[in-house]
Structures are given as C-alpha cells and as structure tokens.
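Visitor: I would like a close look at a single part of this structure, one helix together with what surrounds it. Could you take me through it slowly, and then show me how other parts compare?

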Amino acid sequence: MLRVYLMALKEESQDLNENKEKSLRDEKHHDFITEEKSFSCSQTKMISMRKKVPKTGSRKFTCSQCGKSFTHHGNLYVHMRIHTGEKPYTCQQCGKGFTQNESLKLHMSVHTGEKPFTCQQCGKGYTQNESLKVHMRSHTGEKPFTCQQCGKSFIRKVHLKVHARVHTEEKPYICPQCGKSFSHKAAMYPHMRTHTGEKPYTCQQCGQSFTEKGNLRVHMRIHTGEKPFTCQQCGRSFTQKHYLTSHMRIHTGERPFTCQQCGKGFSQKTHIKSHMSVHTGESPFTCQQCGKSFTQNGSLKVHIKIHNSENVFTCQQCGKFFIRKSCLESHMRVHTEEKPYICTQCGKSFKYSAAVNRHMRIHTGEKPHTSYGLLCLNVYTTMM
C-alpha cells in the first residue's frame with residue numbers, strides 16, 4: 001500500500017515539475033515583453049540589448065551521460081544527480097534523501113498526511129494543486145498528450161512516454177539476475193519474485209500464495225464463483241477476459257494460429273503446440289499405470305482419472321460419467337435440448353461447436369480431407 005502511495009506521490013511530483021517548467025517559461029516570456037514595453041523610443045539601445053536576451057537563453061546544456069538537453073545550466077546541474085546518485089535534501093523524520101527540495105516537501109505529506117486540495121466530484125485529496133488539475137482530467141475526459149504514431153491519447157505526459165515504448169520496443173528495466181528486460185518498472189518487480197520465491201499475496205480462504213495482487217484477485221473468483229466476463233451470444237461466463245476472447249472464436253470461426261507445416265488453423269495457441277506432435281511424433285508425458293503417452297501434461301492428468309474412480313463427473317440424470325467437466329456440460333444438452341451454437345449465416349442452432357463448424361462448410365463450400373468428430377468421446381457407463 002505504501003509503494004502505491006509513493007508511486008502516486010511520484011506522479012504528482014512529475015506533474016508539478018512539468019507545470020512549473022511551463023509556468024517559468026511563460027513568466028520569462030511575459031517579463032521580457034513588459035520590460036520591453038516599459039522603455040520609451042529614446043531607449044532603443046537598451047531595448048535592442050534586451051531583445052538579445054532570449055537568444056542567450058536558448059543555449060543548450062547537454063548531459064554528457066544520457067544526451068538530454070536543458071536551456072538552463074542549473075537544470076542540468078540538478079539532472080546530473082540522477083547519474084551521480086547525490087541526494088542533498090534529507091527528510092529529518094525517516095532519513096530518506098531527495099535530489100530536489102520540492103521532492104522533499106512533497107514527501108513530507110507521507111508523515112503529515114496533509115492533502116489540502118480536494119476534488120469536488122469524488123472527494124480524492126492531493127498534496128499539490130497542480131496534481132488536482134491533472135486528476136480533473138479523469139472526470140472531464142481531457143487527454144492532452146497524444147501519441148504521434150498511433151493517435152492514442154493520455155491524461156499524463158509520463159504515461160505517453162511509457163506508451164511510446166510499445167513502438168520503439170525499448171525495454172530499459174533489466175533483471176540483474178537473469179537479464180530479462182521490461183518496458184515498465186512495475187512489471188520487473190513481480191518478475192523479481194520468481195528468483196526470490198516471494199509470494200506476498202495470500203488467499204485467506206485456502207492459503208495459496210501469489211506473486212502479484214492481480215493474480216490473487218482472479219483466484220478469489222474460484223471461491224466466490226464470480227464470472228464477470230459473459231459471452232453475449234451463448235451466455236457462457238468466464239473468470240478472465242482472455243478466456244472469453246478465446247471462447248468467442250467458437251462463434252466467429254476465427255483461427256489465428258496456423259501450422260507452418262500443414263496450414264491447419266487453430267483458435268488457441270495451446271492447440272497448435274499440441275498439434276505439432278502430429279508432425280514430430282513426440283509424446284513426452286507417459287501414464288505410469290498403463291504406459292499411454294500424451295503430448296501435454298494436462299491431457300495426462302485428465303487420463304489418470306480413468307484409473308482413479310475419484311474426481312469423475314457424473315450425469316445426475318442418466319448416470320454416465322466423464323473425465324472432463326466440460327464434457328459433462330456438453331452432454332447435459334442431450335437432456336436440456338439446449339443449442340447455444342448458432343450459424344451466423346442461416347440462423348440454424350446446434351448443441352456442439354464442432355457441429356456448427358461442420359455445418360458452416362455448406363455455406364463456404366469447404367471440403368477438408370479429414371473429418372473430426374466431437375471432442376468428448378471418453379464416455380464411460382461402468383467404473384473401471
């Protein structure tokens with residue numbers, strides 16, 4: 001929580017510095033104009049001298065280490081502390097050091113808790129008025145910083161800078177242990193936990209731990225039963241958005257993953273990986289009880305349920321049981337007469353996705369050399 005708060009303060013500081021630089025430029029421009037106007041025509045020599053001032057102010061002071069340029073030598077002097085690590089301004093309460101006095105003043109709100117600038121719409125408080133102005137864009141919808149390459153706009157300038165790495169593919173944050181690089185600093189922190197083994201986010205119900213808070217939030221849906229992502233065509237719900245995205249390909253028929261050897265298309269990346277065993281003949285996962293081999297570990301785990309009478313899924317209406325929950329769900333349509341898969345061209349409905357895929361060939365005229373049956377063939381009427 002403290003890290004999130006400090007990151008928010010950092011963003012406030014960045015916004016403040018940006019606005020201060022702009023204000024300073026405006027003030028200097030304004031002072032130059034008013035001073036110029038205050039002289040009479042008899043003082044043309046002094047006016048001429050003052051007109052030359054902006055030219056000297058446009059000098060570029062460039063950092064020899066990173067190439068960043070500044071219009072004032074003082075700004076370059078402060079910037080160099082990033083490279084030298086110098087932090088001359090120290091908090092008297094916690095000992096933390098800062099490169100600028102303004103950053104120290106902003107940090108003091110951590111100890112005082114003071115946030116005198118409050119949003120009238122949502123009540124959120126800020127330590128600086130400039131930060132409140134930036135926050136107001138979330139209510140007004142204003143996004144003044146636009147990417148010149150893709151047109152996407154952002155509320156903060158720092159967000160645009162981070163976004164630009166999508167186009168440049170720059171990854172400046174490097175893991176010191178394995179060398180893996182990241183475009184965001186926040187993405188590197190969870191990665192570091194793969195080396196340390198740290199899992200700070202623990203489920204209070206089952207004790208399972210996670211490296212990221214987002215993963216814990218998704219995991220909690222197992223206990224709550226929450227499935228916030230719902231298919232608008234068949235009503236099926238999912239715990240994660242990418243599951244819904246993959247599911248939608250059943251309805252659209254999209255198969256973005258293509259085998260480079262035979263040209264067959266697949267709706268999911270994991271399916272094409274499994275398919276490659278057709279060409280390689282590799283089946284590295286072997287059942288210790290019967291010797292049957294599989295291309296995926298998940299398939300082996302499902303197969304083991306055949307030998308173990310536990311963990312099978314039984315139909316409460318006819319007594320048939322299945323080794324996959326999804327197969328039981330498909331089977332239940334025999335009893336419910338549900339037909340969730342609808343042909344987008346003629347409106348005919350089907351119980352199974354494989355059936356609608358075969359039907360679509362009537363419209364497309366496709367005649368594949370191989371026919372594939374329904375997925376759930378492992379139906380058992382007696383326990384082994």
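Guide: Before we start, one term is needed: a residue is called buried when its relative accessible area is under 20%, exposed when that area is over 50%, and partly exposed in between. Please also keep in mind that what you see is a predicted model.

The part I have chosen is helix α13, which covers residues 241-252. Its 12 residues should span 16 Å at 1.5 Å a residue, and its end C-alpha atoms are 17 Å apart, which agrees with that expectation. Along this helix the buried residues are Leu244, Ser246, His247, Arg249 and His251. If you wish to follow them on the model, it helps to know that an α-helix has 3.6 residues a turn, so residues three or four places apart point the same way. The cover over the buried residues of α13 includes the strands β13 (229-230), β14 (237-238), β15 (257-258) and β21.

Just after the helix comes Gly253, which takes a positive phi of about 80 degrees. Arg249, one of the buried residues of α13, also takes part in a salt bridge, its side chain meeting that of Glu254 at 4.0 Å, N to O. The two partners sit in unlike surroundings, for Arg249 counts as buried at 16% relative accessibility, whereas Glu254 is partly exposed, with a relative accessible area of 42%.

A second helix makes a useful companion to this picture, namely α11, made up of residues 185-196. Here again 12 residues should span 16 Å at 1.5 Å a residue, and the end C-alpha atoms lie 17 Å apart, in agreement with the expected value. The buried residues of α11 are Met188, Pro190, His191, Met192 and Arg193, and just after this helix Gly197 takes a positive phi of about 80 degrees.

In both of those places the residue with a positive phi is a glycine. Most residues other than glycine have a negative phi, and most peptide bonds are trans. Against that background, two glutamates deserve attention. Glu169, in the loop between α10 (165-168) and β9 (173-174), has a phi near 60 degrees, a positive value in a residue other than glycine. At 64% relative accessibility, Glu169 counts as exposed. Glu337, although not a glycine either, has a positive phi of about 65 degrees, and at 51% relative accessibility Glu337 counts as exposed.

Glu337 brings us back to salt bridges, of which a search of the whole structure finds six. In one of them, Glu337 pairs with Lys351, the closest N and O atoms being 3.9 Å apart. Because Glu337 lies in the loop between α18 and β21 while Lys351 lies in the loop between β22 (349-350) and α19 (353-364), this pair ties together parts that are 14 residues apart in sequence. Another salt bridge joins Arg81 and Glu86, again with the closest N and O atoms 3.9 Å apart; in this pair Arg81 is buried, with a relative accessible area of 9%, and Glu86 is partly exposed, with 37%.

Helix α19 also leads us to the largest nonpolar core, whose six residues are Tyr341, Cys343, Phe350, Ala355, Val356 and Met360. The element that gives the most to this core is α19, with three residues. In soluble globular proteins, nonpolar side chains tend to be buried together. Within the core, Cys343 can serve as an example: leaving aside its neighbours within four places in sequence, Cys343 is in contact with Lys348, Val356, His359, Met360 and His363.

Since a cysteine has now come up, it is natural to turn to disulfides, and the structure holds zero of them. A disulfide needs two cysteine sulfur atoms within 2.5 Å. The sulfur of Cys66 has its closest cysteine sulfur in Cys63, but at 3.7 Å that is too far for a bond. In the case of Cys178, the closest cysteine sulfur belongs to Cys175, and that separation, also 3.7 Å, is likewise too far for a bond. Cys66 counts as partly exposed at 44% relative accessibility, and Cys178 is partly exposed too, with a relative accessible area of 43%.

Key:
Residues are numbered from 1 along each chain as its sequence is written. This is a predicted model: local features need pLDDT of at least 70, side-chain atom pairs count only at pLDDT 80 or more; totals for chains, interfaces and linings use all residues. Side-chain values use heavy atoms; hydrogens and water are left out. Helices (H or I, at least four residues) and strands (E, at least two) are DSSP runs, numbered from the N terminus. Buried means under 20% relative accessible area, exposed over 50%, partly exposed in between (1.4 Å probe, protein chains only). The expected span of a helix is 1.5 Å times one less than its number of residues. Contact means heavy atoms within 4.5 Å. A nonpolar core is a set of buried Ala, Val, Leu, Ile, Met, Phe, Trp, Tyr and Cys residues joined through side-chain atoms within 4.5 Å.
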